[in-house]
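Got the model open in your viewer? Here is a walk through it, one selection at a time.

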Amino acid sequence: MNPSSLTHVTRIPVEETVWHQWCAHAIREPHRDCIIHYEAGQEPVRWTRANLIEAARSVAARLASEGVQTGDVCGLIIRHHPQFYPIYLGICALGALPAVLPYPNARLHPDKFRSGIEGMSRKSGLDWVLTERELEPILSPLVTGAGSSIRGLRFPLEWDSNDNRQPAARTLEGGYPTTCLVQHSSGTTGLQKAIALSHRAILDHVRYYAESIKLSEADRVVSWLPLYHDMGLIAAFYLSLTSGIPLVQMSPFEWVVAPSLLLEVISSEKGTLCWLPNFAYNHMVGSIHDDDIEGLRLDSLRLFVNCSEMVRAESHRAFVQRFESHGIRPETMGASYAMAETTFAVTQTAPGQPAREIMVDRKRLAEGRVDICSNPENGRLCASSGRAIFGCDVRVVNEQGQNVPSGCVGELIIRSASMFEGYRNDPVTTSRFLRDGWYWSGDIGFEYEGEIYVVGRKKDLIIVAGRNLYPEDIEAAVSGVAWILPGRVVAFGVEDSTKGTEEIWVIAETEVAESSEQRRLQQAVKEAAMAIDVTLARVCLAPPRWLIKSSSGKPSRQANKERALTDFSANRFPNS
């Protein structure tokens, strides 16, 4: 179905849209900060509620004059820029559907980027791409290509910012499509699944999630998260704008290079809420020097929310220890289990309490049982992701979909009041993951005393001689080896036909290049794995930035496995 046909389906009244909610906040408090845009070395750009809505209306009028219609899907491939926000809101004002797509990084080959966007275009049904002029040579073939749904490229950063035209009446009357936006689940570029979310799903989710974190008008969100990912888009952007609290936004590219920027902004803007993937805690602990944060105070921050990847208690502990002298407290370290298919959050730890930690027997966990133990040598420290928020139900089930007892491991399946309706243009995948109203996440975890613990991914499970091994455990052990870049490790299973089981491979990034030093480092990696009773068949050492990441910034095990097998066959890992 062409997404433009959305203009012919059931509409909803304007007052039931996200856009109306944003306008209501602007009417009530027109001069209050809405979005504060930070760039390193520059004065922040401050959008008030009224100014942002006024600019968005002008963008909506320009889009309409350019041919964009209500119900069209508009992909945004625009770098972090102060004008991104009125462009995004202008699409919403028109009743078109925004879909934020990743901007290419310098290491990504143009052909790979174009093929990825082409893949997402087929699933999302993109009608228009709003982008920057420098990407025109790469993206133009998508418009002229056979079978393409994209009707044109537009370059909104070149439009006159003083153009105060107002939308024609038809763009704001007659109701809106029930669908609000299109986003993409985590995955490697082009393999992502397109998800359409309704206005009602987003409005309800924001309300329920706000209650779970005790949101108040005194809160202020600080975020570097990319807006093509559900954590940045929903937890930071939509939660702030729809709840009427300020959002302080910075560039993910700048944060990676200068991670202290996040703490500087929290200190200067008195931020209170911040969502982060687990690797970010480790990155800041290992990369920020004392001189970078001298004089900073982080006491205003009442809640960090660890999300997007499996929560590691060790990361929380290291983060608190490193920054407690600047005001970070253990009780600020929260966690959430979330996914794009449920709009965002499924669970949340209670504000004002640290995410609960329990030590469980590693061998029993691999057998599917949760036994509390006190010996770290035999145990795995697990961090809770909290309890299900209002409007969400979580079950832990076996392969047949039957509930397993509390304290047993199984797949997490979710039913949510803010559930997506299915993957766009992909009914086969939808039927595989969405069954009888329950979303089968593919995540492995358990419930213990009412809280949910996520311990791995079903598809990444390694089975060696009948023994279940979680790659997260192996990756954590290897990341602790000196000269291995923390968090830049991938473990996976490779079928050994002669043994009739899998063997374990590890790829680890390092700056060590000398051959003899690499051999010693490989031995240290194997010994670290042996310390958790794991035998590694191969250790492949790679240079920095070798690993392929998913859109959410996490190394993709499957993509890296395929690359490693190819490189190994070509003898590009000579010391492995």
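**First stop: two crossing helices**

Helix 4 and helix 5 cross in the right-handed sense (left-handed would mean the near helix is turned anticlockwise from the far one by less than a right angle, right-handed clockwise). Select residues 110–124 for helix 4 and 136–144 for helix 5: they pack at an angle of about 40°, with axes 10 Å apart. Axes here are lines fitted to C-alpha atoms, for helices over the stretch in contact, and angles run from 0 to 180 degrees between N-to-C directions. Helices (H or I, at least four residues) and strands (E, at least two) are DSSP runs, numbered from the N terminus.

Now show side chains. Helix 4 brings Pro110, Phe113, Arg114, Ile117 and Glu118 to the contact, and helix 5 brings Pro137, Ile138, Leu139, Pro141 and Leu142 (contact means heavy atoms within 4.5 Å).

Before moving on, note that this is a predicted model: local features need pLDDT of at least 70, side-chain atom pairs count only at pLDDT 80 or more, and totals for chains, interfaces and linings use all residues. Residues are numbered from 1 along each chain as its sequence is written, and side-chain values use heavy atoms, leaving out hydrogens and water.

**Second stop: a parallel sheet**

Pick strand 4 (73–77) and strand 6 (128–131), which pair in parallel over four bridges; two strands pair if DSSP finds at least two bridges between them. Zoom in on glycine 75, and you'll find valine 129 of strand 6 opposite. Widen the selection to get an open sheet of four strands, in the order 5-4-6-7, with parallel pairing. Its edges are strand 5 (97–100) and strand 7 (152–154), each pairing on one side only. Neighbouring strands in this sheet are turned by 25° against each other on average, direction ignored.

**Third stop: helices 10 and 11**

Select helix 10 (278–287) and colour Asn278, Ala280, Tyr281 and Met284, its buried residues. Buried means under 20% relative accessible area, exposed over 50%, partly exposed in between (1.4 Å probe, protein chains only). Look down the axis of helix 10: those residues fall within an arc of 165°, so they line one face. The arc is that of the directions from the helix axis to the C-beta atoms. Among the elements they pack against are helix 8 (252–257), strand 13 (273–276) and helix 11 (313–323).

Go to helix 11 next, where the buried set is Ala313, Ser315, His316, Phe319, Val320 and Phe323. These cover an arc of only 160° around the axis, which puts them on the same side of helix 11. Their packing partners include helix 10, strand 17 and strand 18.

Follow that lead to strand 17 (357–361), where four of the five residues are buried. Strand 17 runs antiparallel to strand 18 (379–383), joined by five bridges. Valine 360 sits opposite arginine 380 of strand 18.

**Last stop: a mixed sheet**

Strands 27, 28 and 29 form an open sheet in the order 27-28-29, with mixed pairing. Strand 27 and strand 28 (501–510) pair antiparallel over nine bridges; glutamate 495 has glutamate 502 of strand 28 as its bridge partner. For the covering helices, select helix 14 (471–479), lying across strand 27 and strand 28 at about 140° to strand 27.

Is aspartate 496 buried or exposed? At 13% relative accessibility, aspartate 496 counts as buried. Aspartate 496 belongs to strand 27 (484–496) and touches Thr501, Glu502 and Glu503, not counting residues up to four places away in sequence.
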